[in-house]
Amino acid sequence: MTATVSFTIDSPLGPRTATVAYERKGAGEPLLLLHGIGHHLQAWHPVTDVLAGQYDVIAVDLPGFGASPSLPAGVPYDLATVAPALGALCAALGVDRPHVAGNSLGGLLALEMGRTGLARSVTALSPAGFWTEGERRYAFATLRAMRAGARALPRPALERLSRSAAGRAALTGSIYAAPGRRAPEAVVAETLALRDATGFEQTLAAGGSVRFTEDVPGLPVTIAWGSRDRLLLRRQGVRAKHTVPGARLVRLPGCGHVPMHDDPALVSRVVLDTARSATPAVI
């Protein structure tokens, strides 16, 4: 069941209050799950139960996405603000330095949390920030087209499209290797999440100048890339490995940009292997 928590964040405007929606299940060391731009915490549902068998899993809707309201007016959606805000969220939930797994935007945030000492391990699935300028423009154009399509479709038309494999491919083929296997109701929900994401434009604008260029030393890091990622091309994983030389670079055969749906068992194993390799936290 989704709950909400409010907490104070630091911002260029001074302290502000943010509110985030989240789901929490399981027991053990904390594991924070972060979705990509325009998505929602339900992106992790295919793997949540497996992960919760060994960890205290916290899946969140990032500010301005899913059921989480926007950041306060004037607060930027950049790495320097959002990553520490996630640290403040963890503190509000009684969590210190969780394992963090993220996809796309969430992968970039997970790496930043690791770099700044807010995570005890990082699993980044097709993380943003390792693109060339041309690759970034292509990805952003694709995302804007997906958003425009989601906003143009009346809900009855969206629901009709979702009932066929071809319709599901048209709606979500940019992010899944096998969109036809997605449940119609899930496709409707994630298309509505993309349509209604109040943080989309500001996050995209903040991402225009983002390049992840620093190492993440002192903790286990896995960078995993789907072999059929059509949004952030898999060669970006090689750049990520050069930037974070101690990271384990893993190929996800047959997976698209959001691999949790394409191969839940493989993604679960990658996340669990990374978390298990971390030094246990001192209580």
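Colleague: Let's start with Ala-152. Which helix does Ala-152 lie in?

Modeller: Happy to, and please keep in mind that this is a predicted model. Ala-152 is exposed, with a relative accessible area of 60%. The helix that holds Ala-152 is α4.

Colleague: How far apart in space are Ala-152 and Arg-195, C-alpha to C-alpha?

Modeller: Along the sequence, 43 residues separate Ala-152 from Arg-195. In space, their C-alpha to C-alpha distance is 8.8 Å.

Colleague: Staying with α4, is Arg-136 buried or exposed?

Modeller: Arg-136 forms a salt bridge with Glu-133, and their closest N and O atoms are 2.7 Å apart. The two are three residues apart in helix α4, which means about one helical turn separates them. Glu-133 counts as partly exposed at 30% relative accessibility. Arg-136 has a relative accessible area of 10%, and residues under 20% count as buried, so the word for Arg-136 is buried.

Colleague: Which residues are linked with Glu-133 and Arg-136 in a network of salt bridges?

Modeller: Side chains of opposite charge can pair when their charged atoms come close. Here the network joins Glu-133 and Arg-136 with two further residues, Arg-137 and Arg-211.

Colleague: Which residue of helix α4 does Arg-235 pair with?

Modeller: Arg-235 is partly exposed, at 49% relative accessible area, while its partner counts as buried at 7%. The closest N and O atoms of this salt bridge with Glu-135 are 2.7 Å apart. Arg-235 lies in helix α9 (residues 235–243), so the pair ties together parts 100 residues apart in sequence, and the partner in α4 is Glu-135.

Colleague: And which helix holds both Asp-273 and Arg-276?

Modeller: Their side chains meet in a salt bridge at 3.5 Å, N to O. Asp-273 is partly exposed at 34%, and Arg-276 is partly exposed at 44%. They sit three residues apart, about one turn, in helix α11 (residues 264–276).

Colleague: How many salt bridges does the count come to?

Modeller: We have just met several, including Arg-235 with Glu-135 and Asp-273 with Arg-276. The count comes to 15.

Colleague: One last topic: which helices do the buried residues of α8 pack against?

Modeller: In helix α8 (residues 200–207), the buried residues are Phe-200, Thr-203, Leu-204 and Gly-207. Seen down the axis of α8, they fall within an arc of 100 degrees, so they line one face of the helix. These buried residues pack against α3 (105–115), α4 (133–152) and α7 (184–196).

Technical notes:
Residues are numbered from 1 along each chain as its sequence is written. This is a predicted model: local features need pLDDT of at least 70, side-chain atom pairs count only at pLDDT 80 or more; totals for chains, interfaces and linings use all residues. Side-chain values use heavy atoms; hydrogens and water are left out. Buried means under 20% relative accessible area, exposed over 50%, partly exposed in between (1.4 Å probe, protein chains only). Helices (H or I, at least four residues) and strands (E, at least two) are DSSP runs, numbered from the N terminus. The arc is that of the directions from the helix axis to the C-beta atoms. Contact means heavy atoms within 4.5 Å. A salt bridge is a side-chain nitrogen of Lys or Arg within 4 Å of a carboxyl oxygen of Asp or Glu.
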